[in-house]
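I set out to record the strand pairing, one buried side chain and the internal cavities of this chain. The entries follow in the order in which I looked things up.

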Amino acid sequence: MRRAVIVFTALLVSFPVVSPAQQSGEGTIEEVVVTARKRDEALHDVPVAVSAFSQAEIQAAGIERPQDFIALTPNITMVQTQNQGTSFITVRGISQARNSEPSVAVLIDGVLLANPSQFNQELFDIGDNQVLKGPLYGRNAIGGAIIIRTQEPGDTLSGRVMAGYDSGPGYKVRGSLGGPLGDSDTLKFQASASYYDTDGFIDNTFLGEQADPFKDLSLRGKLLWRPNENFSADFRVSTSNVETQALYFNITESVNDTSLPVRVNNRGVNERDMWSTSLKLDFETGAGTITSVTAYDHLDELLTGDQFNFLPIDESVWALFGILPDQAQHQWLDVDAFSQELRFSSPADQRFRWIAGAYLILTDRFISTGKVSDLRVGIVPVVERNP
């Protein structure tokens, strides 16, 4: 399915009263700066429901995946089911359907994710997160927006490394390095990497192994060029590869009953590869700021596994009634998306402020979903497009 969508942003007009940080006798109260209205503003000046997490709060709360900060935000929930790329976000009762457009816009460093299957990923080297509630941010923001900003490189070369171990057994290693590139005062870089490998925590008693092993390799890099006060260029590239299993369900009378072990005879396959690149340009003029964001995203995800009622062949509902062979399923998703955004924003120090813009997205999406009979020879999925 090929699709081209153009969204023209309505004129955004506001009359904010910008107040400096209030001072006490002992020091200054630090302001929380958010971008809920596509410009830097103090949180207490924004007439929108926003939950903001600073870098210090993210580290203190141990936020490593989207589920972590969503669990700390009122009136928003996230349910991950079936596979790595399927997650349902509900904001104020507004949710979505599987393989459909999301009801919440997700932006990383100002770039809108083109596909909801990209959202559930490792969060590392994050500067701050913001959760905006309400349809005020543009495309896909019926329920709100999730704004993620990665860490910016400093004026000196610096880095950090983190390593951890879990009872899977498994381990996680993360690292980042950033700062000026060579002796340049105008060009900076930031490079980050994350690797997670665990055997899993849920027993599949039929196969005698874990049902949820997980491997994730994610890389991210950026170049920032600021030759003068009126122009900046921000180039970013990222990639992620996930290997895990999926569709290890249990059919119970109560969704809260977790006493039954997983007993699928197909261990399931869930492989997801995605990469993206973007270029953001900002031009400061006397009349305002012109912003251009150009992005390209690619994603493919393979999913295979058992089907209802998720039991070994000889115990399945189909075998018991002798109607059909046991059933299995597969899905292949392949998405390429190109997007272009243009914005013209009034100066931030004016009492009357406005933003006008346009957004274009070209999407080439292929999805193949099938049901197959389980004849004890494994699952052969469709993983290529027809010629």
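**Entry 1: strands β12, β13 and β16.** The model is a predicted one. I began with a single bridge: A191 has G221, in β16, as its bridge partner. I then looked up the pairing of β13 with β16 and found an antiparallel arrangement with twelve bridges. On β12 (residues 170-180), I noted eleven bridges to β13 (residues 187-198), again in the antiparallel sense. Within that pairing, Y171 is matched with D197 of β13. I also checked the connection between β12 and β13, a hairpin with six residues between the strands. There G182 adopts a positive phi near 70 degrees.

**Entry 2: the chain as a whole.** I next took the overall counts. The protein chain holds 21 strands and three helices. It has 387 residues, of which 46% count as buried. I also looked at sequence separation in the contacts: among those between residues at least 6 apart, 64% join residues at least 24 apart.

**Entry 3: a five-stranded sheet.** I traced an open sheet of five strands, and its order reads β4-β9-β10-β7-β8. The pairing in this sheet is mixed. Its edge strands are β4 (49-53) and β8, each of which pairs on one side only. As a general reminder, I note that strands of a sheet pair through backbone hydrogen bonds, in either a parallel or an antiparallel sense. For one pair inside the sheet, I recorded β9 (residues 126-133) and β10 (residues 144-150) as antiparallel, with seven bridges. In that pair V131 stands opposite I146 of β10.

**Entry 4: N204.** Is N204 buried or exposed? I found N204 buried, because its relative accessible area is 2%, under the 20% limit. N204 belongs to the strand β14 (residues 203-204). I then asked which backbone atoms the side chain of N204 reaches. One is the backbone nitrogen of F206, at 3.1 Å. Another is the backbone oxygen of V264, at 3.2 Å. Setting aside neighbours within four places in sequence, I listed the contacts of N204 as E209, Q210, A211, V262, R263 and V264.

**Entry 5: the largest cavity.** I counted five cavities of 30 Å³ or more. The largest cavity contains about 320 Å³ of space. Its lining has 22 residues, and those closest to the centre are I108, L113, R220, S238 and S276. Which strands each supply at least two residues of this lining? I found β8 (111-112), β16 (214-228), β17 (231-244) and β18 (269-285). The lining of the largest cavity comprises nine nonpolar, nine polar and four charged residues. I note that β16 enters here as well as in its pairing with β13, and that β8 is also an edge strand of the open sheet.

**Entry 6: the second largest cavity.** For the second largest cavity I recorded about 100 Å³ of space. I found 13 lining residues, with P102, V104, V106, P116 and F119 nearest the centre. Strands β6 (87-91) and β7 (104-108) each supply at least two residues of this lining. The strand β7 gives the most, with three residues. The lining of the second largest cavity divides into nine nonpolar and four polar residues, with no charged residue.

Key. Residues numbered from 1 in each chain as written. Predicted model: local features only at pLDDT ≥ 70, side-chain atom pairs only at ≥ 80, totals over all residues. Heavy atoms only, no water. 1 Å grid on protein atoms, 1.4 Å probe; cavity = no way out; pocket = protein on both sides within 12 Å on 5 of 7 lines; lining within 4 Å. Points joined across faces, edges and corners; volume = space filled by probe spheres on them. Helix = DSSP H or I, 4+ residues; strand = E, 2+ residues; numbered from the N terminus. Nonpolar A, V, L, I, M, F, W, Y, C, P; charged D, E, K, R; others polar. Pairing = 2+ DSSP bridges. Buried < 20%, exposed > 50% of the residue type's maximum accessible area, 1.4 Å probe, protein only. Polar contact = N/O pair within 3.5 Å; in protein donor to acceptor, adjacent residues only side chain to side chain. Contact = heavy atoms within 4.5 Å.
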